[in-house]
Amino acid sequence: GVLMSDRISLSQHWLIQRSDSLKLPGSVISESSVDTTIWYQAVVPSTVMGTLVANGLYPDVFMADSLMKVDAAPFAHSWWYRTRFVLPAAVMGKQVTLHLDGVSYAANIWLNGKQIAFSDSIALDISGQVREAGNILAIEVFPQKPGDFGLGFVDWNPPAPDKNMGIWRDVYLHISGDVSLEHAWVRTDKITDTPSEASLSVFASLQNHTTETITGTLKGKSEIFSFSIPVTLKAGETREIQVDPSDEGSLKGKNPLLWWCNGMGDPNLYNLDLSFETGEDVSDQLSLPFGIRKIETFTTPAGHKGFKLNGREVLIRGAGWTD
């Protein structure tokens, strides 16, 4: 049968609590026996401080200089995020990848009593660990320390006492067949005026989750081009595929509608549908909006850096900048 790729969001039904008040290991926190009555209800994305404000712990935090008076001690330790989720029966036997698109500052990740990642991984194959019912995901989030490269603030935006500790982008499960398709993007290589034409390259990462070699077809279709190329992946192989006009002449788009910034034209977008197919089966697929644009820099006569969009000089206005 044909598998249609799917994504299961894990945005709701989270709880958080500080690690120094729990004093429990992740193996226990990610099992069902934990008493969570003293935990705070949360959603993801969120920060620890934002969740505590939503739970009413800091009622006047945005008044006057209240934010500067918040005790930072509770945020010197790691905090736990915890959620339960169930999976549809149809998902069992498929490839299940856990994605965390943004964590501040680092995290240890536990699922059903086992640690599945330390603080340096993001996308995790959890196919062998998930159950149909009663999965418990627990994420121990650590604060940013002095000297860490992280998300900072500048003088016009006072820092939060938790230094933005939390899961600040989406958490979700990516369901696919034996080969998953991710990290796709479209690059504009060249735009010509006479005749009007754009040369494009398409990039995508393919991962073979099995112990067998798999041969299939990477297919792409947009309003201005389409392609179909054979790909063979060894057992367990992950590879970034690049498709460019030298492979597929069809990646030269005629009379393209370009993406322009505010004041220079319309921000025209196209849509790319990508799929990896083996025989009659779609192993994975995704849709990707993209714009055709070329950004270049130059040096002005006064020695300053200037920018060009699609060959035209751009005056950048109303921006703040930090080192």
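**Exercise 1. An aromatic cluster**

Both Phe 225 and Phe 290 are buried, where buried means under 20% relative accessible area, exposed over 50% and partly exposed in between (1.4 Å probe, protein chains only). We are working with a predicted model, in which local features need pLDDT of at least 70, side-chain atom pairs count only at pLDDT 80 or more, and totals for chains, interfaces and linings use all residues. Residues are numbered from 1 along each chain as its sequence is written, and side-chain values use heavy atoms, with hydrogens and water left out.

Task: find which residues form one aromatic cluster with Phe 225, and describe how its ring pairs with Phe 227 and Phe 290.

Solution, step by step:

1. A pair of aromatic rings is described by the distance of the centres and the angle of the planes. Rings of Phe, Tyr and Trp (its six-membered ring) pair if their centres lie within 6.5 Å; planes under 30 degrees apart count as stacked, over 60 as edge-to-face and the rest as tilted.
2. Six aromatic pairs occur in the structure. In one of them, Phe 225 and Phe 227 are stacked, at 6.3 Å centre to centre with 15° between the planes. Phe 227 is buried, as is Phe 225.
3. With Phe 290, the ring centre of Phe 225 is 6.0 Å away and the planes are at 40°, so this pair is tilted.
4. Phe 225 belongs to the loop between strand E16 (214-221) and strand E17 (226-233), while Phe 290 is in strand E21 (residues 281-290), so the pair ties together parts 65 residues apart in sequence. Strands (E, at least two residues) and helices (H or I, at least four) are DSSP runs, numbered from the N terminus.
5. Adding Tyr 270 completes the cluster: Phe 225, Phe 227, Tyr 270 and Phe 290.

**Exercise 2. Salt bridges**

Task: which residue forms a salt bridge with Lys 219, and where do the two partners lie?

Solution, step by step:

1. A salt bridge is a side-chain nitrogen of Lys or Arg within 4 Å of a carboxyl oxygen of Asp or Glu. The whole structure has six.
2. The partner of Lys 219 is Glu 277, with the closest N and O atoms 3.2 Å apart.
3. Lys 219 sits in strand E16 and Glu 277 in strand E20 (residues 270-278), so they link parts 58 residues apart in sequence.
4. Lys 219 is partly exposed at 34% relative accessible area, whereas Glu 277, at 17%, counts as buried.
5. Try another bridge: Asp 20 and Arg 18 have their closest N and O atoms 2.8 Å apart. Asp 20 is partly exposed at 21%, and Arg 18 is partly exposed at 25%.

**Exercise 3. Nonpolar cores**

Task: how many residues does the largest nonpolar core have, and which have the most contacts inside it?

Solution, step by step:

1. A nonpolar core is a set of buried Ala, Val, Leu, Ile, Met, Phe, Trp, Tyr and Cys residues joined through side-chain atoms within 4.5 Å.
2. The largest has 37 residues, and Trp 14, Leu 98, Leu 137, Ile 139 and Leu 173 have the most contacts inside it.
3. Elements giving two or more residues to this core include strand E2 (14-18), helix H3 (48-54) and strand E11 (135-142).
4. Another core, of 31 residues, lies apart from it, with Leu 181, Leu 200, Leu 251 and Leu 288 among its members.
5. As background, 42% of the protein's 323 residues count as buried, and its secondary structure comes to three helices and 24 strands.
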